[in-house]
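Me: Could you take me through one part of this protein at close range? I'd like to hear about the strands and how they sit with the pockets.

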Amino acid sequence: MVGCAPRPSDNSATVAVAANFKPTLGKLILTFEAETDFQVDMVAGSTGKLYAQITHGAPYDIFLAADQWRPERLIVEDHAVAGTQKTYALGRLVLWSRSDLQIGLEDLELPKVQRIAIANPNLAPYGTAARQVLQRTNVLDVVSDKLVFGENVGQAFAFVSTSNAQVGFVAEAQIRLLPKTQSGQMVRLDPALHDPIAQDAVLLRRGSDNPAAEAFMTFLHSPKAQDIIARHGYDLP
């Protein structure tokens, strides 16, 4: 069952998930629960914030990060189980506008673009990637006053969807969920402009003896789960 409150039971597990992957995880949970006797809850947020919560004892069994570094750190710090870290998806960064007016990287300096939404680069890997794109195209200094920061890529998406920003750097998976009447304009960015957004999963110490957590980790890397992930706008590792 998709929810927020953890259950202290071997038949359930709680997954901490990066905000960009929350809708896809919801689909995965529905499939997993339909095929097993286990239940899964999820808590979504920025990768950095979830990492901090885990290090302070948050009751999560699995961490689906939007990067590789924080799962690695959790293993080093003995908050996660060595040998369980694995890439489950490769994120796609896009530039998105709700309007019908096409907006590309070359237009960000223009007066028609007053606010550009990105996730906080210090907390969210999609924000780090967005900053790298701006740096590598030599426009970061020019548009820095236009940037508005969300805690995670979900908030960056919300800025654009509520017209508080004309354009934003978001995950393609977020746009895939929109009806065509609301999809606006999306520009796929050259992956060479930013480091790969490799999203890793890791089994946390709390879930090491939890059959539900172990079963979900196995399911996450199964062909059926990978097919769902690919259909929701991610590349596969």
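**Two sheets and two pockets**

Reply: Let's start with the open sheet of five strands, in the order β7-β6-β8-β5-β9 and with mixed pairing. Keep in mind that this is a predicted model. At the edges of that sheet sit β7 (147–150) and β9 (185–188), each of them pairing on one side only. Ignoring direction, neighbouring strands here are turned against each other by 30° on average.

Now zoom in on β5. Strand β5 pairs with β8 (residues 167–171) in the antiparallel sense, over four bridges. If you want a spot to click on, try Val 94, which stands opposite Val 170 in β8. Helix α6 (residues 153–161) lies across β5, and also across β6 (116–119), β7 and β8. Relative to β8, helix α6 runs at about 140°.

There is another open sheet of five strands, again with mixed pairing, and its order is β2-β1-β3-β10-β4. Its edge strands are β2 (39–45) and β4, and each pairs on one side only. The twist in this one averages 20° from one strand to the next. Edge strand β4 is joined to β10 by five bridges, and the two run antiparallel. Along that pairing, Lys 86 stands opposite Ala 201 in β10. Over at β2, helix α1 (residues 22–35) lies across that strand as well as β1 (12–18) and β3 (62–64), running at about 175° to β2.

So much for the strands; on to the pockets. β4 (86–91) and β5 (93–97) each supply at least two residues to the lining of the largest pocket. That pocket has a volume of about 210 Å³. Its lining is made up of 13 residues, and Gly 91, Arg 92, Pro 191, His 194 and Asp 235 lie nearest the centre. Sorted by class, the lining holds seven nonpolar, two polar and four charged residues.

The second largest pocket has a volume of about 180 Å³. Among the residues lining it are Trp 69, Pro 125, Gln 132, Asp 195 and Ile 197. Two elements give two or more residues to this lining, namely α4 (125–136) and β10 (197–203). Helix α4 provides the largest share, four residues. By class, you get seven nonpolar, three polar and two charged residues around this second largest pocket. And β10 should ring a bell here: that strand is the antiparallel partner of β4, with five bridges between them.

Definitions and conventions: Residues are numbered from 1 along each chain as its sequence is written. This is a predicted model: local features need pLDDT of at least 70, side-chain atom pairs count only at pLDDT 80 or more; totals for chains, interfaces and linings use all residues. Side-chain values use heavy atoms; hydrogens and water are left out. On a 1 Å grid over the protein atoms alone, a cavity is a set of points where a 1.4 Å probe fits but cannot get out, and a pocket is an open set with protein on both sides within 12 Å along at least five of seven lines; lining residues have an atom within 4 Å of a point. Grid points are joined across faces, edges and corners, and a volume is the space filled by probe spheres set on the points. Ala, Val, Leu, Ile, Met, Phe, Trp, Tyr, Cys and Pro count as nonpolar, Asp, Glu, Lys and Arg as charged, and the others, Gly among them, as polar. Two strands pair if DSSP finds at least two bridges between them. Axes are lines fitted to C-alpha atoms, for helices over the stretch in contact, and angles run from 0 to 180 degrees between N-to-C directions. Contact means heavy atoms within 4.5 Å.
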